[in-house]
Amino acid sequence: MTTDKQSANNPVFERRESEARSYCRGFPTTFAKAQGSIMTATDGTEYIDFLAGCSSLNYGHNDADMKSALVEHITDDGIAHGLDMYTEEKAKWLEAYENIVLKPRGMDDYKIMMTGPTGTNAVEAAMKLARKITGRRNIISFTNGFHGMTMGSLSLTGNAGKRGGAGGGHLGDVTHMPYEGAMGDVDTLKLIETMLNNSSSGVDAPAAFIFEPVQGEGGLNAASKEWIQGIAKLAKEHGALLIVDDIQAGIGRTGKYFGIEDMGVEPDLITQAKSLSGFGLPFACLLIKREHDVWKPAEHNGTFRGNTHAFVTGRVALEKYWADKDAMEASIAEKSQILEDGLKKVAELIPNAYLKGRGFMRGVDVGTGELAEDICGRAFDKGLIIETSGADDEVVKVLAALNIPNDVLKRGLDIVLEATREALNENKKIAAE
Ligand SMILES: *Cc1c(COP(=O)(O)O)cnc(C)c1O
């Protein structure tokens with residue numbers, strides 16, 4: 001972090017904003033505007049956005065159609081906040097979700113619960129519901145999993161540093177099991193099965209299993225169809241619910257609307273957040289298999305459930321991008337290929353580096369957090385916003401908008417390549433000294 005970069009910032013941030021602030025530390029400038037996949041700082045510097053609000057901006061910044069629909073809604077005195085009362089915009093969003101997302105995927109059997117507006121609220125609701133339905137406490141989550149920062153979601157999260165924010169230690173009623181590939185060649189399904197079948201293993205019968213189809217924060221580990229089906233089978237056999245946390249891997253990120261689409265499983269509960277509004281507005285929900293919708297009225301409440309402005313932009317996002325599912329999937333597939341080709345060139349520069357992730361949610365494991373952070377820092381100096389992921393931040397991770405123009409995507413990938421070359425040369429120089 002250089003001082004001239006820091007001077008691009010108003011000192012009020014350091015003076016007044018809590019030390020908990022995070023992303024601003026890796027991208028030390030003040031941003032003023034954003035359009036599509038470009039963010040512009042106060043000093044006029046333009047940055048290509050390979051972070052996309054951690055996949056909250058899958059359609060880029062300030063999409064023209066979402067923006068005009070929202071401006072019109074506000075100008076016409078449309079409802080801004082209505083608790084969870086029936087509103088015209090909620091009806092329109094529900095109908096769009098039903099017709100564009102659920103029905104074409106044979107998912108007519110799901111109901112939609114409006115939770116508090118951030119992802120962790122949807123996870124908390126899923127945990128509560130699984131425990132309420134089964135009368136059991138234990139929930140099985142996985143190594144490197146990330147599910148949010150409130151106490152329940154945090155208890156599911158693997159990262160010790162994140163759990164440290166709550167004073168550290170085990171937060172209770174959760175068993176962490178190895179995700180696919182977490183133990184090299186060991187069959188983790190077999191291991192979990194053994195633990196669950198042995199009544200003296202110390203693992204309590206679970207209320208639910210929760211996993212991410214691709215681990216967003218935990219290093220872009222991507223579960224196979226076989227493993228996902230294996231977990232679904234174990235859940236069924238042991239009377240546990242299957243919760244898929246699709247907050248980061250969903251909404252097109254892995255190539256289809258859902259991260260588990262075409263995997264041959266029917267989760268009991270699916271969380272949605274991040275890009276649900278399409279516009280970067282807070283909005284989360286929980287998809288519930290109809291038979292599990294056993295909530296009593298107001299049993300899970302909250303002031304901000306269903307964000308009316310997000311209903312407007314989220315509906316436009318579905319109509320604009322997903323009404324033609326095949327075209328959208330083909331477009332993501334094309335960009336995913338460009339991404340893979342670009343990242344392969346990066347991986348080739350580094351001994352033992354390899355690609356991770358699936359679809360348009362990919363990165364390169366460069367071996368160490370130091371190198372990954374060096375690459376991301378240099379990339380920022382060259383006009384690219386990109387982050388690391390993984391237990392030791394060892395993965396350089398790309399979360400570009402799904403509609404990033406191909407030439408901008410390629411320019412961003414060129415910057416990653418150049419930043420990697422520089423970082424490696426610098427390391428060589430230091431080693432020679
Ligand atoms: C981001 C994320 C969450 C938490 O969402 P928030 O909106 O930050 O509360 C939960 N699960 C996954 C997989 C996520 O990526």
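**Exercises on the pocket, the ligand and the cavities**

At least two residues of the lining of the largest pocket come from each of α3 (23–26), α7 (119–134), α14 (369–381) and β14 (387–389); helices (H or I, at least four residues) and strands (E, at least two) are DSSP runs, numbered from the N terminus. The model is predicted: local features need pLDDT of at least 70, side-chain atom pairs count only at pLDDT 80 or more, and totals for chains, interfaces and linings use all residues. Residues are numbered from 1 along each chain as its sequence is written, and side-chain values use heavy atoms, with hydrogens and water left out.

**Exercise 1.** Describe the largest pocket by its space and its lining.

*Solution.* Step one concerns the term: on a 1 Å grid over the protein atoms alone, a pocket is an open set of points with protein on both sides within 12 Å along at least five of seven lines, a cavity is a set where a 1.4 Å probe fits but cannot get out, and lining residues have an atom within 4 Å of a point. Step two gives the space, about 1,200 Å³, as filled by probe spheres set on the points, which are joined across faces, edges and corners. Of the 43 lining residues, Y23, C54, F146, K162 and E217 are the closest to the centre of the pocket. Step three sorts the lining into 15 nonpolar, 20 polar and 8 charged residues. Here Ala, Val, Leu, Ile, Met, Phe, Trp, Tyr, Cys and Pro count as nonpolar, Asp, Glu, Lys and Arg as charged, and the others, Gly among them, as polar.

**Exercise 2.** Locate the ligand and identify its backbone partners.

*Solution.* First, the ligand sits in the largest pocket (more than half of its atoms lie within 2 Å of the grid points). Second, its surroundings include T118, H147, E212, D245 and K274, each with a heavy atom within 4 Å. Third, polar backbone atoms of G119 and T120 lie 2.7 Å and 2.8 Å, respectively, from an oxygen atom of the ligand. A backbone N or O atom of F146 is 3.4 Å from a ligand nitrogen atom.

**Exercise 3.** State how many cavities of 30 Å³ or more the structure holds, and compare their linings by class.

*Solution.* The count is 2. The largest cavity has about 40 Å³ of space; its lining, including D84, K90 and R305, has 3 nonpolar, 4 polar and 3 charged residues. The second largest has about 30 Å³; its lining, with Y23, C54 and E217 among them, divides into 3 nonpolar, 1 polar and 3 charged.

Conventions. A polar contact is a pair of N or O atoms within 3.5 Å; within protein, one must be able to donate a hydrogen and the other to accept it, and residues adjacent in sequence count only if both atoms are side-chain atoms.
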